[in-house]
Amino acid sequence: MFTQIPLIDFGPFLHGTDEDRQHVADQIGEVCHNVGFFYLSNHDVPSSLVERVYKEAERFFAQSIEEKMKLYIGSCPYKNNRGYTPMLEEKLSPKGDLKEGFDLAMELPADDQDRTDRDATLYGPNFWPENLPGFRECIYDEYYLSMVVLGHRVLEAFALSLHLPFDYFKSMCRKPMVTMRLLHYPSQPIVYDEDQLGCGAHTDYECFTLLSQSNQSGLQVLNNQGQWVNATPIPNTFVVNIGDLMQRWTNDQFKSTTHRVINTSGTERYSIPVFFGPDFFAEIKCLSKDQIPKYEPVVAGKYLIGRFDDTYQYRQTNSQSSPNSTL
Ligand SMILES: O=C(O)CCC(=O)C(=O)O
Ligand SMILES: [Fe+2]
């Protein structure tokens with residue numbers, strides 16, 4: 001049972017000896033098993049870059065709703081879940097979530113062969129604003145690509161913690177489905193409607209999430225006593241949490257822990273999750289040959305499409321429910 005979110009210093013993993021790396025990996029493995037959430041410090045992503053990304057997020061969301069709706073996720077020409085999601089459109093809380101978002105992912109050409117010939121519909125270009133000079137360069141070229149690099153290092157730590165070669169996941173993450181979101185939460189009253197949270201209780205869908213929070217609290221993590229533990233922002237850290245694909249892959253060795261957001265801080269809140277998934281066609285099945293699999297194997301991209309179909313209102317015509325079942 002945890003009552004606070006542990007902090008892990010990633011510096012020795014990035015810059016230390018093999019022994020240091022294994023030591024950090026072991027700490028991470030234990031926390032992924034017991035909590036599923038941790039703060040990561042000394043990750044080498046400069047705080048000045050993170051600050052600039054928040055400035056761009058503020059600039060994006062400060063636009064009129066008409067301007068933002070030009071990039072509506074449901075009108076994205078590539079139909080790959082990129083673009084703007086208005087308030088109340090996502091349904092993690094029953095009356096809709098009190099947040100708006102902008103989603104992007106790995107920039108691949110519209111005629112990428114996996115997309116055109118093999119139905120990897122989550123691949124393709126992003127849906128960028130044309131009226132915000134410098135937005136794309138800061139958000140994608142600088143921040144997103146740095147976070148993909150960091151994500152690969154976190155995967156190395158996961159592999160070592162599971163007694164696998166450090167590059168075990170690499171061959172399944174060559175065109176990784178890494179989705180980044182800019183999120184903006186208005187402030188809600190202290191006495192709030194339980195059916196309308198900033199982000200209703202959920203687990204994340206991908207392998208893991210690297211989350212930057214602005215200074216405002218709001219994120220809460222559910223422990224196994226049913227208590228909500230605050231993940232109060234700690235400057236210059238990311239919150240890392242395990243998602244459902246990793247829980248399946250590790251046969252429950254790593255926990256995908258429920259969390260939610262309620263922004264009663266009195267001011268607007270911004271956050272930037274980066275959800276790290278493997279290649280669209282990666283088969284997610286029990287990593288260990290010595291265990292009885294608890295989950296049926298899934299193709300990562302198809303699994304994610306099912307989860308997105310369940311969450312986004314714009315996808316709910318012709319949607320199928322997700323293959324989230326246990327065996
Ligand atoms: O905004 C946050 O702090 C967390 C958001 C979140 O949990 C999500 O987008 O999955
Ligand atoms: Fe989440």
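Asn-42 is partly exposed, with 15 other C-beta atoms within 10 Å. In this predicted model, Asn-42 sits in the loop between strand E2 and helix H3 (47–61). The backbone there is worth a look: phi of Asn-42 is positive, about 50°, although the residue is not a glycine. Most residues other than glycine have a negative phi.

Asn-81 also has a positive phi, near 65°, and again we're looking at a residue other than glycine. Its loop runs between helix H4 (65–69) and strand E3 (83–85). Is Asn-81 buried or exposed? Asn-81 is buried, because 26 other C-beta atoms lie within 10 Å and the cut-off for a buried residue is 20 or more. Here are the two residues together:

| Residue | Phi | Other C-beta atoms within 10 Å | Burial |
|---|---|---|---|
| Asn-42 | about 50° | 15 | partly exposed |
| Asn-81 | near 65° | 26 | buried |

Now for strand E10 (residues 238–242). Five of its five residues are buried, so E10 is largely enclosed by the rest of the structure. That goes for both faces: Phe-238, Val-240 and Ile-242 are buried on one side, and Val-239 and Asn-241 are buried on the other.

Which strands pair with E10? One is E2 (residues 37–41), joined to E10 by four bridges in an antiparallel arrangement. In that pairing, Phe-38 stands opposite Val-240. Another is E7, which pairs with E10 over four bridges, also in the antiparallel sense. Here Thr-209 has Asn-241 of E10 as its bridge partner.

There's also an open sheet of four strands, in the order E6-E11-E8-E9, with antiparallel pairing. Strand E6 (199–202) and strand E9 (228–230) stand at the edges with a single partner strand each, so one side of each has no neighbour in the sheet. On average, neighbouring strands of this sheet are turned by 25° against each other, direction ignored. As for what holds strands together in general, they pair through backbone hydrogen bonds, either parallel or antiparallel. Zooming in on one edge, E6 pairs with strand E11 (residues 259–261) over two bridges, in the antiparallel sense. Cys-199 has Val-261 of E11 as its bridge partner.

That same bridge pair turns up around ligand 1: Cys-199 and Val-261 are both in its shell. The rest of the surrounding residues are Leu-183, Asp-204, Leu-211, Gln-213, Leu-219, His-259, Ser-271 and Pro-273. Which elements give two or more residues to this shell? They are strand E7 (208–213), E11 and strand E12 (269–276). By class, the shell around ligand 1 has six nonpolar residues, three polar ones and one charged.

On to the helices. Helix H2 (residues 18–34) and helix H6 (residues 135–161) pack with their axes 8 Å apart, at an angle of about 85°. The two helices are therefore roughly perpendicular to each other. From H2, the contact is made by Arg-21, Gln-22, Val-24, Ala-25, Asp-26, Ile-28 and Gly-29. H6 brings in Ala-157, Phe-158, Leu-160 and Ser-161. Sorted by class, this contact of H2 with H6 comes out as six nonpolar, three polar and two charged residues.

Methods: Residues are numbered from 1 along each chain as its sequence is written. Chains are lettered from A and ligands numbered from 1 in the order in which they are written. This is a predicted model: local features need pLDDT of at least 70, side-chain atom pairs count only at pLDDT 80 or more; totals for chains, interfaces and linings use all residues. Two strands pair if DSSP finds at least two bridges between them. Axes are lines fitted to C-alpha atoms, for helices over the stretch in contact, and angles run from 0 to 180 degrees between N-to-C directions. Angles under 35 degrees count as roughly parallel, over 145 as roughly antiparallel, 65 to 115 as roughly perpendicular and the rest as oblique. Two residues are in contact if their C-beta atoms, placed from the backbone, lie within 7 Å. Ala, Val, Leu, Ile, Met, Phe, Trp, Tyr, Cys and Pro count as nonpolar, Asp, Glu, Lys and Arg as charged, and the others, Gly among them, as polar. A residue is near a molecule or strand if its C-beta atom, placed from the backbone, lies within 6 Å of it. A residue is buried if 20 or more other C-beta atoms lie within 10 Å of its own, exposed if 12 or fewer, and partly exposed in between; C-beta atoms are placed from the backbone.
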